[in-house]
Amino acid sequence: MDHPLQEKITSRTLRIAVVGLGYVGLPLAVTFAEAGFHVTGIDVDQQKIDRASRGESYIPDISSGTLQAVIEAKRIHFTTDFAALDDIDAVSICVPTPLRKTRDPDISYIISATQQVRARLHPGQLVVLESTIYPGTTDEVLLPELQSTGLKVGVDFFLAFSPERIDPGNPNFDTRNTPKIVGGVTPACTELAQAYYGAAIERVVPVSSPRVAEMVKLLENTFRAVNIGLVNEIAIMCGKLSIDVWEVINAAATKPFGFMRFLPGPGLGGHCIPVDPHYLSWKLKTLDYTARFIELAAEINSSMPYHVVNKINDALNEQRRSFNGATVLVLGVAYKPNVGDVRESPALDIIQELLARKTVVLYNDEYIPSLTVRNCLLHSQPVSSGLLQAADCVVIVTDHNYYDVPWIIREARSIVDTRNMTRGYNDEKVFRL
Ligand SMILES: NC(=O)c1ccc[n+]([C@@H]2O[C@H](COP(=O)([O-])OP(=O)(O)OC[C@H]3O[C@@H](n4cnc5c(N)ncnc54)[C@H](O)[C@@H]3O)[C@@H](O)[C@H]2O)c1
């Protein structure tokens with residue numbers, strides 16, 4: 001394709017903006033800067049802009065050193081001022097897509113960001129949405145808004161959807177080496193979006209439309225949610241049958257084909273797996289269809305924190321203690337190991353249930369210094385022999401690498417292990433999922 005944007009991509013003169021600098025946007029902005037482009041990072045959060053401008057990363061996957069290197073090379077700068085979009089050739093939108101309390105999609109951040117882009121849309125510009133969204137959003141929400149300027153898609157400006165697949169804390173895969181899906185509104189949109197990401201990302205996979213690209217992301221995350229729901233139910237069934245579910249899974253995983261290892265746990269967490277499938281089921285509800293696998297998996301997964309509370313009950317019962325007045329130490333409140341992200345973490349539900357039963361709750365998480373649950377502000381406690389011995393029950397919710405499991409087993413009075421961290425220790429005081 002012989003398009004001026006193509007030439008700017010090849011010569012690295014394309015001016016790029018990333019709107020929304022969170023777990024997705026900041027790594028993307030740095031990846032483009034490292035590929036030789038000049039990137040403008042835009043966010044509505046002044047604190048994030050100030051920190052990023054000082055070269056202080058607030059995202060664990062990007063070190064401050066990495067950020068400082070691209071700032072010093074003058075490849076990146078940060079602002080809250082959307083007027084910066086006036087000079088921009090390509091913009092990637094990475095704003096949040098949470099659920100409302102009613103579990104309906106909250107696309108207000110996308111609408112607000114799109115309105116900002118619309119106000120500065122100019123001929124030749126490429127706009128790509130990366131936020132996870134229900135199928136049809138790019139065509140039904142972004143396209144009419146941007147075309148209301150009088151500019152025509154595929155001719156005057158270019159629009160595509162490209163889902164982000166980042167896995168925070170993954171040591172092997174980052175923005176650069178995770179294949180990227182792109183689906184443009186027109187073939188020219190797809191081609192330009194493919195060239196844009198291809199300049200910084202190792203492999204770009206084009207699909208025929210934004211709808212397909214939107215659905216790809218939802219398939220990926222629904223696949224995880226449903227399989228985690230299945231293995232959580234298998235864990236409950238194994239518990240009833242007095243079978244060690246972890247032994248079953250490890251043995252099943254020796255099958256070299258037709259089986260994929262998913263692990264049970266205290267419940268889903270993070271911004272994606274508990275949220276994204278509901279975008280799909282909401283959309284299907286508008287078409288009078290019930291997404292049964294999604295609903296069932298959500299029901300099982302969201303019951304897991306209560307299953308853990310029942311295990312804590314078993315542990316306390318062994319000691320003739322009740323929830324009321326007992327001390328429970330929660331180890332790990334992040335939704336997954338070695339990250340400082342507590343969004344949708346099952347630890348929050350577990351702590352909330354314990355507080356409601358008048359239990360004294362203490363927690364440790366070196367990644368999360370403080371936490372508010374049920375209007376109760378809690379602070380992370382350093383793990384010590386004294387702390388472990390003081391608790392009537394220690395609950396391992398997040399398997400952070402820094403936990404010294406043999407020592408915890410020695411010191412604790414009783415343990416509920418939701419992550420199989422105590423494997424190999426058949427101690428009577430350990431209660432597993
Ligand atoms: N975190 C993940 O692991 C992950 C993985 C894949 C996809 N996603 C998807 O990517 C999107 C972003 O997720 P995230 O985890 O980076 O969210 P985040 O909350 O970490 O970051 C979003 C950023 O957008 C900013 N923002 C909000 N409204 C804005 C606006 N109108 N203009 C400019 N900035 C605005 C916020 O201040 C915030 O800094 C979501 O749709 C999410 O589902 C997330």
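**Exercise 1. Determine in which strand Ser 92 lies, and whether Ser 92 is buried or exposed.**

Solution. In this predicted model, Ser 92 lies in strand 4. The next step is its accessibility: the relative value for Ser 92 is 0%, and since buried means under 20% relative accessible area, Ser 92 counts as buried. The surroundings can then be listed, and, leaving aside residues up to four places away in sequence, Ser 92 touches Ala 17, Val 18, Val 19, Leu 28, Val 128, Glu 130, Tyr 196 and Tyr 197. Two of these neighbours also make polar contacts with the serine, side chain to side chain: the contact with Tyr 196 is 2.8 Å, and the contact with Tyr 197 is 2.9 Å.

**Exercise 2. Work out the strand order of the open sheet of 8 strands, and state which strands stand at its edges.**

Solution. The order is 3-2-1-4-5-6-7-8, and the pairing in this open sheet is mixed. Strand 3 (76-79) and strand 8 (204-207) stand at the edges; each has a single partner strand, so one side of each is left without a neighbour in the sheet. From one strand to the next, the twist averages 25°. At one end of the order, strand 7 (residues 180-184) pairs with strand 8 in the parallel sense over 4 bridges, and within this pair Val 182 stands opposite Pro 206 of strand 8. A helix also packs on the sheet, namely helix 5 (residues 108-119), which touches strand 1 (15-19), strand 4 (90-93) and strand 5 (126-129), and whose direction makes about 170° with that of strand 4.

**Exercise 3. Describe how strand 1 is paired with strand 2 and with strand 4, and how far strand 1 is covered.**

Solution. Begin with strand 2 (residues 38-42), which pairs with strand 1 in the parallel sense over 5 bridges; here Ile 16 stands opposite Val 39 of strand 2. The connection between these two strands runs through helix 2 (residues 25-34), and strand 1, helix 2 and strand 2 together make a right-handed β-α-β unit. Turning to strand 4, strand 1 runs parallel to this partner and is joined to it by 4 bridges, with Ala 17 opposite Val 91 in strand 4. As to burial, strand 1 is mostly covered, 4 of its 5 residues being buried.

**Exercise 4. Find which parts of the chain are tied together by the salt bridge of Arg 211 and Glu 140, and by that of Lys 336 and Asp 167.**

Solution. The structure holds 18 salt bridges, and the two pairs are taken in turn.

1. The side chains of Arg 211 and Glu 140 meet at 3.2 Å, N to O. Arg 211 belongs to helix 8 (residues 210-240) and Glu 140 to helix 6 (residues 137-147), so this salt bridge ties together parts that are 71 residues apart in sequence. Both partners are partly exposed, Arg 211 with a relative accessible area of 37% and Glu 140 at 38%. The pair also belongs to a network of salt bridges that links Asp 139, Glu 140, Arg 211 and Lys 283.

2. The side chains of Lys 336 and Asp 167 meet at 2.5 Å, N to O. Lys 336 lies in the loop between strand 9 (327-331) and helix 12 (346-356), while Asp 167 lies in the loop between strand 6 (158-161) and strand 7, so the pair ties together parts that are 169 residues apart in sequence. Lys 336 is buried, at a relative accessible area of 16%, whereas Asp 167, at 33%, is partly exposed.

**Exercise 5. For the salt bridge of Arg 343 and Asp 341, decide whether each residue is buried or partly exposed.**

Solution. The two side chains meet at 3.1 Å, N to O. Arg 343 has a relative accessible area of 34% and is partly exposed, whereas Asp 341, at 4% relative accessibility, counts as buried.

**Exercise 6. Characterise the open sheet of 5 strands, and identify the helix that lies across strand 13.**

Solution. The strands follow the order 10-9-13-14-15, and their pairing is parallel. Strand 10 (360-364) and strand 15 (430-432) stand at the edges with a single partner strand each, so one side of each lacks a neighbour in the sheet. The twist averages 20° from one strand to the next. Further in, strand 9 and strand 13 (residues 393-396) run parallel and are joined by 4 bridges, with Val 330 opposite Val 395 in strand 13. The helix in question is helix 11 (residues 292-318), which lies across strand 9, strand 13, strand 14 (415-417) and strand 15, and runs at about 155° to strand 13.

Notes
Residues numbered from 1 in each chain as written. Predicted model: local features only at pLDDT ≥ 70, side-chain atom pairs only at ≥ 80, totals over all residues. Heavy atoms only, no water. Pairing = 2+ DSSP bridges. Axes fitted to C-alpha atoms, helices over the stretch in contact; angles between N-to-C directions. Contact = heavy atoms within 4.5 Å. Buried < 20%, exposed > 50% of the residue type's maximum accessible area, 1.4 Å probe, protein only. Right-handed = clockwise from strand over helix to strand, strands pointing away. Polar contact = N/O pair within 3.5 Å; in protein donor to acceptor, adjacent residues only side chain to side chain. Salt bridge = Lys/Arg side-chain N within 4 Å of Asp/Glu carboxyl O.
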